[in-house]
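Me: Could you take a close look at one helix in this predicted model for me? I'd like to know how it is built, what it packs against and what surrounds it.

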Amino acid sequence: MVQAGDDLSARQRRILEFLDGFMAEKDYPPSIRDIQQGCEISSTSVVDYNLKRLEERGYIRRDREVSRGIELLDGSGRRRRAPLTVPVLGKIAAGSPIPTFPETLGADVEQIEVTRDQTKGRAQAFALRVEGTSMIDDLINDGDIVILEPTNTCDDGERVAVWLKDEGETTLKRLYREGERVRLQPANATMDPIYTAANNVEVQGRLLSTLRFEG
């Protein structure tokens with residue numbers, strides 16, 4: 001537990017306590033909205049003001065280039081724990097496939113903080129933002145972030161990101177091999193599967209976990 005000094009207001013103490021409890025339970029930082037709701041604060045601007053004061057006094061460190069980029073310090077300016085981040089490589093359409101994998105990973109690629117449980121310990125995990133609802137029955141909704149491990153192989157029925165070579169598109173589906181063709185099965189009873197030649201499919205990543213981030 002971070003020890004708060006006398007230089008903090010009651011509200012700032014409450015925010016600091018909330019941050020400590022949230023991160024101890026979930027192992028990743030809360031969003032501004034989480035703090036607003038958890039501390040019963042009137043607006044996100046009030047939250048932001050008090051986070052600035054906590055940062056000035058050395059209780060937190062903020063990275064505004066990272067989603068949920070709040071790092072809790074131990075009260076003397078030292079990190080309580082090193083953050084674990086993965087790159088967000090773009091968007092993946094769970095309904096209508098779109099291109100998503102870049103040729104190279106540039107320095108300006110967005111990073112998000114995750115837990116080791118969410119990456120299953122995979123060192124090269126990456127993230128994609130979901131567009132569409134074709135995987136809704138697997139609790140993967142439009143706007144969610146999926147964490148994947150790079151792989152070019154999978155077992156039938158696994159949820160994978162696949163590159164459709166002829167179309168130049170990527171989609172997230174369950175994959176099934178059926179002779180010389182592949183069935184890409186959505187998890188949505190209202191949608192039909194995609195059938196394509198096996199040599200048109202390149203597996204790019206296997207699903208590890210799903211996150212709901214507010215951005």
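Reply: Let's start with the length of H3. At 1.5 Å a residue, its 13 residues should span 18 Å, and the end C-alpha atoms are indeed 18 Å apart, so the expected and modelled values agree. The helix covers residues 44-56. Please keep in mind that the model is a predicted one.

Next, the sides of the helix. Val-47, Asn-50, Leu-51, Arg-53 and Leu-54 are the buried residues of H3. Around the axis they take up an arc of only 160°, which places them on the same side of H3. A general point about helices helps here: with 3.6 residues a turn in an α-helix, residues three or four places apart point the same way. On the face turned away from the buried side of H3 you will find Ser-45 and Glu-56, both exposed.

What does the buried side of H3 pack against? Its partners are H1, helix H2 (32-38), strand S1 (60-62) and strand S3 (70-72).

H1 deserves a closer view. Two packed helices are described by the angle between their axes and the distance between the axes. H1 (residues 10-26) and H3 meet at an angle of about 85°, and their axes lie 10 Å apart. With 65 to 115 degrees as the range for roughly perpendicular, the two helices are therefore roughly perpendicular to each other. On the H1 side, the contact is made by Arg-11, Gln-12, Ile-15, Leu-16 and Leu-19, while H3 brings Val-46, Asn-50, Leu-51, Arg-53 and Leu-54. Sorted by class, the contact of H1 with H3 has six nonpolar, two polar and two charged residues.

You can run the length check on the partner as well. H1 has 17 residues, which at 1.5 Å a residue should span 24 Å, and its end C-alpha atoms are 24 Å apart, in agreement. The buried residues of H1 are Gln-12, Ile-15, Leu-16, Phe-18, Leu-19, Asp-20, Phe-22 and Met-23. Their cover includes H2, H3, S1 and S3.

Now for the two ends of H3. Ahead of the helix, Glu-40 sits in the loop between H2 and H3. Glu-40 has a positive phi of about 55° although it is not a glycine; as background, most residues other than glycine have a negative phi. Glu-40 counts as exposed because its relative accessible area is 73%, and the cut-off for exposed is over 50%. Just after H3 comes Gly-58, with a positive phi of about 85°.

A little further along is Arg-64, in the loop between S1 and strand S2 (66-67). Arg-64 is exposed, with a relative accessible area of 53%. Setting aside its neighbours within four places in sequence, Arg-64 is in contact with Lys-52 and Glu-55. Those two positions fall within the range of H3, residues 44-56.

Finally, the wider setting. The protein chain has four helices and twelve strands. Of its 215 residues, 46% are buried. Among contacts in the chain with a separation of 6 or more, 59% are between residues 24 or more positions apart.

Key:
Residues numbered from 1 in each chain as written. Predicted model: local features only at pLDDT ≥ 70, side-chain atom pairs only at ≥ 80, totals over all residues. Heavy atoms only, no water. Axes fitted to C-alpha atoms, helices over the stretch in contact; angles between N-to-C directions. Parallel < 35°, antiparallel > 145°, perpendicular 65-115°, else oblique. Contact = heavy atoms within 4.5 Å. Nonpolar A, V, L, I, M, F, W, Y, C, P; charged D, E, K, R; others polar. Expected span 1.5 Å × (residues − 1). Buried < 20%, exposed > 50% of the residue type's maximum accessible area, 1.4 Å probe, protein only. Arc of directions from axis to C-beta.
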